Amino acid sequence: MANMDGTIPRIDFAGIDPAAAAGPGRDSARWAAVRAAVMEALCEHGVFEAVMDGLIAPELSAAMLGPGGAAESFFSLPPSTKALYTNMEKPYLGYLSSSFLTLPYETLCVKDTLFPDGVPALASLMWPDAGNPSFCETVQAYTEKLSALATVVLRMVLESLGATAECIEEQARATSLALRLSGYEAPGTAEGRLGLFTHRDKSFLSVLTHNGLDGLEVELGRGEGGWARPTLSPGGFHVLAGDMLQVLTNDRVFSPLHRVVVAGDKTRYAFVLFSNPGDDVVVRAVDAAVDAQRPAAYRPFQYSEYVGFFFSKEHNDKLNKLEAFTALGIDGT
């Protein structure tokens, strides 16, 4: 493993009310200060820790990721039951086992998490007798809280570019949510073991938290700042830019390489909320990010095209899939 010399920026969101983010109720000076810190962190490293005390109540956190919580209740189900949520056509959606992933973890992805039938459809398969209402309520409530943070961060980025209010609202309408729950098998040793391979996210943003067991490792400084293994503080969430935010900002924001390394004798549970474009959305740099001095770095494309490329076997080994797929001058378009 690489030396862990760097640290990621830690940004205190105290005074930022997600409910007032778009209205006159927000503190403009405080908002501007946090917005500047967010943009600097995402442009330089593509990642930061957002500390927003009170966003997740301790009771909700325990119900989601604590012993006996929603994550553990799902992953403790029999393999044959979990496999009922497998999507054969799009395996990155649904449930994937460690045997499929060839790594010691298993993961579940639920698309359109806040849709009325999103999580309940999963629960009705896993617990056919009653549907597990407490599981549904916990997952949906947790998703709503992290969605508020993701919405604030995306708004701050677009405002930093000088995007109009209409553009910001258009991006909000074009964004869908997907949650990923992951369980990482404990290696039983103090020595770290790879839990999730090195990759970049294909999303606008991802917001990550876990059950108190760190493991995220992220490359800093656009690949020139070494690697960091950040410790998540109480009330903190890791926020990572994805490939689509790099496109949206015309390369100002950076999508970083990252991975998960696990150690110890306890299972690591992680909750990641992704904000993505809708499948039929055409992704391009916003107008405010493009000018004569900084022409568009990427051709417009439909998000579903990129998803197909991202998961194709022939491109599986590429660490910079965005560049391979869309960078102008790569394929002559």
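How many bridges pair β6 with strand β11 (residues 258–264), and in which sense do the two strands run? In this predicted model, β6 and β11 are joined over five bridges in the antiparallel sense. One residue pair within this ladder is Leu 194 with its bridge partner Val 261 in β11.

**The four-stranded sheet**

The pairing of β6 with β11 belongs to an open sheet of four strands, ordered β6-β11-β8-β9, in which the pairing is antiparallel. The edges of this sheet are β6 (189–199) and β9 (227–228); each has a single partner strand, so one side of each is left without a neighbour in the sheet.

**Pairing around β4, β5 and β12**

A further set of strand pairs involves β3, β4, β5, β7 and β12. Strand β3 (residues 94–96) pairs with β4 in the antiparallel sense through three bridges, and Gly 94 stands opposite Cys 109 in β4. Strand β4 is also joined to strand β5 (residues 175–184), again antiparallel, by seven bridges. In that ladder Tyr 105 faces Tyr 184 of β5.

Strand β5 in turn runs antiparallel to β12, with ten bridges between them; Ser 182 is placed opposite Ala 270 in β12. Strand β12 also pairs with β7, antiparallel and over six bridges, and there Leu 205 stands opposite Ser 275 of β12. The table sets out these pairs together with β6 and β11.

| Strand pair | Sense | Bridges | Opposed residues |
|---|---|---|---|
| β3 and β4 | antiparallel | three | Gly 94 and Cys 109 |
| β4 and β5 | antiparallel | seven | Tyr 105 and Tyr 184 |
| β5 and β12 | antiparallel | ten | Ser 182 and Ala 270 |
| β7 and β12 | antiparallel | six | Leu 205 and Ser 275 |
| β6 and β11 | antiparallel | five | Leu 194 and Val 261 |

Burial can be stated for two of these strands. Of the seven residues of strand β4 (residues 105–111), six are buried, so β4 is largely enclosed by the rest of the structure. Strand β12 (residues 268–277) is mostly covered, with ten of its ten residues buried.

**Helix α8**

Helix α8 (residues 165–173) has buried residues Cys 167, Ile 168 and Gln 171. These span an arc of only 100° around the axis, which puts them on the same side of α8. The face turned away from that buried side carries Ala 165, Glu 166 and Arg 173, which are exposed. Among the elements covering the buried residues of α8 are α7 (133–161), β5 and α9 (243–248). Strand β5, which pairs with β4 and with β12, is therefore also part of the cover over the buried residues of α8.

**Helix α7 and the loop before it**

Thr 138 is a residue of helix α7. The relative accessibility of Thr 138 is 12%, and because buried means under 20%, Thr 138 counts as buried. Apart from neighbours within four places in sequence, Thr 138 is in contact with Leu 60, Ala 63, Met 64 and Ala 70. Of these, Leu 60, Ala 63 and Met 64 fall within the residue range of α2 (58–65).

Asn 132 is located in the loop between α6 (118–126) and α7. The phi of Asn 132 is positive, about 55°, although this residue is not a glycine. With a relative accessible area of 18%, Asn 132 is buried.

**A second positive phi**

Arg 222 also has a positive phi, near 55°, in a residue other than glycine. Arg 222 sits in the loop between β8 (216–219) and β9, and β8 and β9 are both strands of the four-stranded open sheet. Is Arg 222 buried or exposed? Arg 222 has a relative accessible area of 35% and is partly exposed.

**The second largest pocket**

The second largest pocket has a volume of about 360 Å³. Its lining consists of 23 residues, and those nearest its centre are Ser 61, Tyr 142, Thr 209, His 210 and Gly 235. By class, the lining divides into ten nonpolar, eleven polar and two charged residues.

Elements that each supply at least two lining residues are α2 (58–65), β7 (205–210) and β10 (236–241). Helix α2 gives the most, with four residues. Strand β7 thus takes part in the lining and is also joined to β12 by six bridges.

Key
Residues numbered from 1 in each chain as written. Predicted model: local features only at pLDDT ≥ 70, side-chain atom pairs only at ≥ 80, totals over all residues. Heavy atoms only, no water. 1 Å grid on protein atoms, 1.4 Å probe; cavity = no way out; pocket = protein on both sides within 12 Å on 5 of 7 lines; lining within 4 Å. Points joined across faces, edges and corners; volume = space filled by probe spheres on them. Nonpolar A, V, L, I, M, F, W, Y, C, P; charged D, E, K, R; others polar. Buried < 20%, exposed > 50% of the residue type's maximum accessible area, 1.4 Å probe, protein only. Pairing = 2+ DSSP bridges. Arc of directions from axis to C-beta. Contact = heavy atoms within 4.5 Å.
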